[in-house]
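Trainee: Please give me a close look at one part of this structure, namely the space inside and around it that is not filled by protein. I should be grateful for a single connected account, beginning with any backbone feature that deserves a note.

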Amino acid sequence: MITSKVPALLGGPPTFEPSLAFTRPAVPSFAELAPEFEEILNTGALTKGPRLARLEQSLREHLKSPHVVCVNSCTSGLILGIQSLNLSGEVIVPSFSFMATFHALRWNNLTPVFVDCNPYSLTVDLEAVRAAITPRTCAVMSAYVFGNPPDLDGLDALCKEKGLAHFCDSAHGIGTLIDGVPAGNHGDFEVFSCSPTKLLTAAEGGVVSTRRPEIEQWIRNGRDYGNPGSYDCDFAGLNGRMSEFHAAIMQAGLPRLESYVQARAHLVEVYKQHLCAIPGIRFQDIRAGVRSSNKDFPIFIEAGAFGLHRDQLQKALLAEGVPTRAYFDPPGHQLTAYKQDLDLPVTARMCAEVLCMPMSSLMADSEAERVCQCLLELHRQAPALASV
Ligand SMILES: Cc1ncc(COP(=O)(O)O)c(C=O)c1O
């Protein structure tokens, strides 16, 4: 890498002008979707139509899952899936996750018990889960972190041994393979997100995958207010339907999912190749046997060795036109909605160190390389930047 520039924070020109996108959705072209949209409009079958049924069938085949139900968001899928289990009490959940993970519990009147994560994989620590189990525990909720799944076999085995439910917020998991099998085949159920930041998007949407037919049925009714068809509902569902437009967008994207995963895996290699020599930067460990979706590309900034704290680096990168995200800071137990006075030392450290770099299925190698050049330059000039 041969660069030497004055960082934008010290008065130099920004590296990217206009600014680089943090992420960009990979979507089919309008020309490809236009005939689909035209037919949806002409037939008037805007929702609950053939495209939704076809998408669910395609996803069953793709995920190798017997039961798949599409909903209008991962959040609504989680809420309905948890509702189907009729739980009460406490649910053990990693604090290092997105707020929607915890909201799904709150909407079901369940109490989150936050536990620590592993400092390398960023996923929930199995031993921390085991240690947190009490007679009040009714379930464990785990979560993929940036495409890396938690130890789902270990969690399934632990929950079976203890008689607990286990479900997973797999929002980041579409495209992930575990021992060669697509994500979506663990726990009582898993839910993917198809919002615009995910590899496969419906614009907005969620996908529930389960091995249990009664959970599938609950969600089918639940996404339709709880209406079993007779208009006499026996529980309070919601409007969680995925429209035909959304289903058409996602169906058209599905054949490209694999190429999106490959594109991201390649970008991760480009990033790592250039960043591995910079002191104070390390990467997320992906468990053996896992191919991550790389929904995000996190780096960990050790302030002492890098020369800048994560927040100082984020500010300097932003000035260069490189937007980043400090996911998931603040963590669950420090969100105002859930505040608990807990000591979760690994989560606290990860919240101070993790910074997600720009990543998308459409990003060019040259863009990733220039981000790396920026990082190198900011490290070199850290002493001057630290006082800005
Ligand atoms: C870990 C996690 N869970 C849940 C969600 C919510 O997904 P949705 O926006 O589809 O409801 C997100 C959103 O990105 C997420 O990152």
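**Backbone, pocket and cavities**

Mentor: Tyr-231 is placed in the loop between helix H7 (213-222) and helix H8 (244-253). The model is a predicted one. Tyr-231 is a residue other than glycine, yet its phi is positive, near 70 degrees. Two further backbone features belong to another loop. Phe-328 lies between helix H11 (310-319) and helix H12 (345-353), and the peptide bond that leads to Phe-328 from Tyr-327 is cis, with omega near -15 degrees. Pro-330 is also found in the loop between H11 and H12; the bond joining Asp-329 to Pro-330 is again cis, and its omega is about 5 degrees. Please keep Tyr-327 in mind, since this residue returns below in the lining of a cavity.

We may now turn to empty space. Rolling a probe the size of a water molecule over the atoms shows where such space is left. The ligand is the natural starting point, as the space it takes is the largest pocket. That pocket has a volume of about 330 Å³. The elements that each give two or more residues to its lining are helix H3 (74-84) and helix H4 (99-106). H3 provides the largest share, three residues. In total, 22 residues line the pocket, and those nearest its centre are Phe-98, Ala-171, Ser-193, Ser-195 and Lys-198. Sorted by class, this lining consists of nine nonpolar, nine polar and four charged residues.

Consider next the shell around the ligand itself. From the earlier part of the sequence come Ser-73, Cys-74, Thr-75, Ser-97, Phe-98 and Ala-100, and from further along come Asp-169, Ala-171, His-172, Ser-193, Lys-198 and Gly-205. Phe-98, Ala-171, Ser-193 and Lys-198 therefore appear both in this shell and among the residues nearest the centre of the pocket, where being in the shell means having a heavy atom within 4 Å of the ligand. By class the shell holds six polar, four nonpolar and two charged residues.

Three side chains in the shell deserve particular attention. An N or O atom in the side chain of Thr-75 is 2.6 Å from an oxygen atom of the ligand. For Ser-193, the distance from a side-chain N or O atom to a ligand oxygen is 2.7 Å. The side chain of Lys-198 likewise has an N or O atom 2.7 Å from an oxygen of the ligand. Taken alone, the ligand would expose 400 Å², and the protein buries 88% of that area.

Apart from the pocket, the structure contains two cavities of 30 Å³ or more. The largest cavity encloses about 40 Å³. Its lining is made by Leu-20, Ala-21, Phe-22, Thr-23 and Arg-24, together with Pro-358, Met-359, Ser-360, Met-363 and Glu-367. Six of these lining residues are nonpolar, two are polar and two are charged.

The second largest cavity also holds about 40 Å³ of space. Around it stand Phe-22, Thr-23, Thr-197, Arg-264, Lys-295, Asp-296, Tyr-327 and Met-359. Here the classes are three nonpolar, two polar and three charged residues. Phe-22, Thr-23 and Met-359 are named in the linings of both cavities. Tyr-327, which lines the second largest cavity, is the residue from which the cis peptide bond runs to Phe-328.

Notes: Residues are numbered from 1 along each chain as its sequence is written. This is a predicted model: local features need pLDDT of at least 70, side-chain atom pairs count only at pLDDT 80 or more; totals for chains, interfaces and linings use all residues. Side-chain values use heavy atoms; hydrogens and water are left out. A polar contact is a pair of N or O atoms within 3.5 Å; within protein, one must be able to donate a hydrogen and the other to accept it, and residues adjacent in sequence count only if both atoms are side-chain atoms. Accessible areas come from the Shrake-Rupley method with a 1.4 Å probe; for residues, only the protein chains shown count as cover. On a 1 Å grid over the protein atoms alone, a cavity is a set of points where a 1.4 Å probe fits but cannot get out, and a pocket is an open set with protein on both sides within 12 Å along at least five of seven lines; lining residues have an atom within 4 Å of a point. A molecule sits in a cavity or pocket if more than half of its atoms lie within 2 Å of its grid points. Ala, Val, Leu, Ile, Met, Phe, Trp, Tyr, Cys and Pro count as nonpolar, Asp, Glu, Lys and Arg as charged, and the others, Gly among them, as polar. Grid points are joined across faces, edges and corners, and a volume is the space filled by probe spheres set on the points. Helices (H or I, at least four residues) and strands (E, at least two) are DSSP runs, numbered from the N terminus.
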